[in-house]
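Student: Could you take me through one part of this model in detail? I'd like to hear about the salt bridges, and then about the nonpolar packing.

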Amino acid sequence: MMSIDFPWLTVLILFPLVASLPIPFLPDQEGKVVRWYALGAALAEFALIIYTFWQHYDLRNPEYQLVETYSWLPQIGLNWSVAVDGLSMPLVILTGLITTLAILAGWQIKHKPRLFFFLMLAMYSAQIGVFVAQDLLFFFIMWELELVPVYLLISIWGGERRSYAATKFILYTAIGSLFILLAAFAMAFYGDNFTLNISELGLKDYSLTFELLIYSAFLVAFGVKLPIFPFHTWLPDAHSEAPAPASMILAGVLLKMAGYGLIRFNIEMLPNAHVYFAPVLAVLGVVNIIYASLTAFAQTSLKRRLAYSSIAHMGFVLIGIASSQRWASVAQCCKWFRTA
């Protein structure tokens with residue numbers, strides 16, 4: 001692993017959250033100052049992301065870089081452990097771009113603008129935390145924190161059926177997330193040493209039966225978020241009722257989190273179980289593509305059509321993840337790119 005003296009990733013995670021704290025106290029009644037302030041904070045964060053990776057990330061190095069580890073809650077083994085590699089780095093950049101554009105898309109929000117832009121910046125931090133987390137419990141916390149702003153964005157600024165869509169979203173995703181927590185502690189307690197570090201968990205010698213069970217738990221959790229048929233029904237409702245900025249976050253970032261989780265945990269940490277599940281993922285990917293594409297044609301709402309098209313697109317991601325060939329594996333392609 002390659003580390004650096006300055007805590008760049010910690011700054012990237014905390015900057016949007018810290019920047020959101022003064023928003024409730026800004027002297028602004030119509031939201032003009034709040035809009036400019038939030039956009040400025042988002043642009044500053046995106047510029048900081050580009051600078052960090054441009055100056056301090058080496059594309060030729062296939063290992064984790066910008067590694068930071070701090071003891072947070074040692075009583076439960078929770079560490080503030082973050083790092084990036086060729087898989088997470090592009091997704092952090094994507095998060096910065098999409099979230100900045102989403103804040104710009106919310107320029108005309110006049111109902112509770114302070115709360116709206118506060119939630120957008122807070123969500124910005126949680127999204128980056130998901131992609132750079134190297135502690136499985138820390139990953140789970142960031143994963144859960146990201147759900148709350150999305151729920152509020154839909155339930156407050158959504159369409160006529162916003163309460164139904166927001167409740168369905170939070171129930172599906174929160175219940176699915178519990179499988180991440182169960183799998184995390186099962187892996188942490190397995191063997192002689194307790195650890196929640198993702199790299200160390202990947203080095204443990206699990207039995208095949210245990211791998212299959214943990215793989216199933218992760219598949220349910222990430223399958224809900226991806227979403228995989230038949231766990232997909234929350235997305236069309238959330239997409240159709242969410243305001244445009246939240247829809248951008250849903251399609252542009254949230255679905256990618258699930259794909260990232262499948263690659264990071266299911267493929268990299270549980271390769272033996274992946275051999276058995278790969279055909280299942282391929283079939284589910286084909287179902288996603290065919291079912292969602294045909295369903296999209298029947299939609300009269302543009303947002304619902306985009307939601308089903310997103311489900312179909314993620315079907316191609318599933319097929320790519322399902323590939324067990326070294327040259328076609330998404331994770332191996334990233335490693336190959338980094339070493340080229």
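Tutor: Let's fix one term before we start: contact here means heavy atoms within 4.5 Å. Keep in mind, too, that this is a predicted model.

With that cut-off, take Phe 139. Setting aside neighbours within four places in sequence, Phe 139 is in contact with Val 130, Ala 133, Ile 180, Phe 222, Tyr 260 and Phe 265. Phe 139 and Phe 222 also turn up among the residues with the most contacts inside the largest nonpolar core, along with Phe 53, Met 187, Phe 218 and Leu 270. That core has 106 residues, and α10 gives the most to it, with 13 residues. As a general point, nonpolar side chains in soluble globular proteins tend to be buried together.

Now for the charged pairs. Searching the whole structure turns up seven salt bridges. One of them involves α10 again: Arg 264 pairs with Asp 85, and their closest N and O atoms are 2.8 Å apart. Arg 264 sits in helix α10 (residues 244-267) while Asp 85 is in the loop between β3 (78-84) and α3 (88-105), so this bridge ties together parts that are 179 residues apart in sequence. Both ends, Arg 264 and Asp 85, are buried.

Next comes a helix-to-helix pair. Glu 146 and Lys 225 form a salt bridge with the closest N and O atoms 3.2 Å apart. Glu 146 belongs to helix α5 (residues 136-157) and Lys 225 to helix α8 (residues 208-225), so the pair links parts that are 79 residues apart in sequence. Glu 146 has a relative accessible area of 0%, so it counts as buried; Lys 225 is buried as well, at 1%.

The pair of Asp 237 and Arg 161 has its closest N and O atoms 3.9 Å apart, and the cut-off for a salt bridge is 4 Å. Asp 237 lies in helix α9 (residues 234-241) and Arg 161 in the loop between α5 and α6 (162-189), so here the parts tied together are 76 residues apart in sequence. The two ends sit in unlike surroundings: Asp 237 is buried, with a relative accessible area of 7%, whereas Arg 161 is partly exposed, at 41%. This pair also belongs to a wider network of salt bridges, in which Arg 161, Lys 168, Asp 237 and Arg 304 are linked.

How values were computed: Residues are numbered from 1 along each chain as its sequence is written. This is a predicted model: local features need pLDDT of at least 70, side-chain atom pairs count only at pLDDT 80 or more; totals for chains, interfaces and linings use all residues. Side-chain values use heavy atoms; hydrogens and water are left out. A salt bridge is a side-chain nitrogen of Lys or Arg within 4 Å of a carboxyl oxygen of Asp or Glu. Helices (H or I, at least four residues) and strands (E, at least two) are DSSP runs, numbered from the N terminus. Buried means under 20% relative accessible area, exposed over 50%, partly exposed in between (1.4 Å probe, protein chains only). A nonpolar core is a set of buried Ala, Val, Leu, Ile, Met, Phe, Trp, Tyr and Cys residues joined through side-chain atoms within 4.5 Å.
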